[in-house]
Amino acid sequence: MKKTRGIFLIALIGLLCAGSLWAHGRGGFDGGKGFPRTAIAAEAVTINGTLQLVEGRIAVVADGKTYYTSGIQRLIGFVDGLKEGVTVSLEGSATAVPLNSNAKFLWVTKLTFNGKTYDFPDTAGGFGRW
């Protein structure tokens, strides 16, 4: 009786493992290949404004839109004077924020601050993107 129960348990575990491996490639947004492969429309922008903390994120408000930045958080604390309230010029690619027409995500490629320019490497598809 115990031997039959053990064989049944091992067979059940084997079936569950095989089923999970088979199902791993199924479903999803694009037929089981992971994340959607659709490109997000981005526009190249240059904005000027002051750094602000908006909803817990570093942002710049310019032209009536809030640009949530990505990239410059790595410099906060390392570049003297780079803090909330300073005027900056940012260049990069902006994409729309879902459900908020007055906000955009900005992947910064260039920051100009206090007469110095800081370039950011293109991190498309890498760890630099949120």
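Biologist: In this predicted model, which residue of β5 is the bridge partner of T69?

Modeller: The partner of T69 is L106 in β5. T69 belongs to strand β3, residues 65-70, and L106 to strand β5, residues 100-113.

Biologist: How many bridges join β3 to β5, and do the two strands run parallel or antiparallel?

Modeller: Five bridges join them, and the strands run parallel.

Biologist: In which sense does β3 pair with strand β2?

Modeller: β2, residues 57-62, pairs with β3 in the antiparallel sense, over four bridges. One place to look is A59, which stands opposite Y68 in β3.

Biologist: What should I look for between β2 and β3 in their hairpin?

Modeller: Two residues lie between the strands, and D63 takes a positive phi near 55 degrees.

Biologist: How many of the six residues of β3 are buried?

Modeller: Five of the six, so the strand is mostly covered; buried here means under 20% relative accessible area. As a general idea, side chains in a regular strand alternate between the two faces of the sheet.

Biologist: Now strand β4: is S89 buried or exposed?

Modeller: S89 is found in β4, residues 87-97. Its relative accessible area is 17%, and the cut-off for buried is under 20%, so S89 counts as buried.

Biologist: Which side chain makes a polar contact with the side chain of S89?

Modeller: That of N48, at 2.9 Å. Leaving aside neighbours within four places in sequence, S89 is also in contact with T46, I47, K110, L111 and T112, besides N48 itself.

Methods
Residues are numbered from 1 along each chain as its sequence is written. This is a predicted model: local features need pLDDT of at least 70, side-chain atom pairs count only at pLDDT 80 or more; totals for chains, interfaces and linings use all residues. Side-chain values use heavy atoms; hydrogens and water are left out. Buried means under 20% relative accessible area, exposed over 50%, partly exposed in between (1.4 Å probe, protein chains only). A polar contact is a pair of N or O atoms within 3.5 Å; within protein, one must be able to donate a hydrogen and the other to accept it, and residues adjacent in sequence count only if both atoms are side-chain atoms. Contact means heavy atoms within 4.5 Å. Two strands pair if DSSP finds at least two bridges between them.
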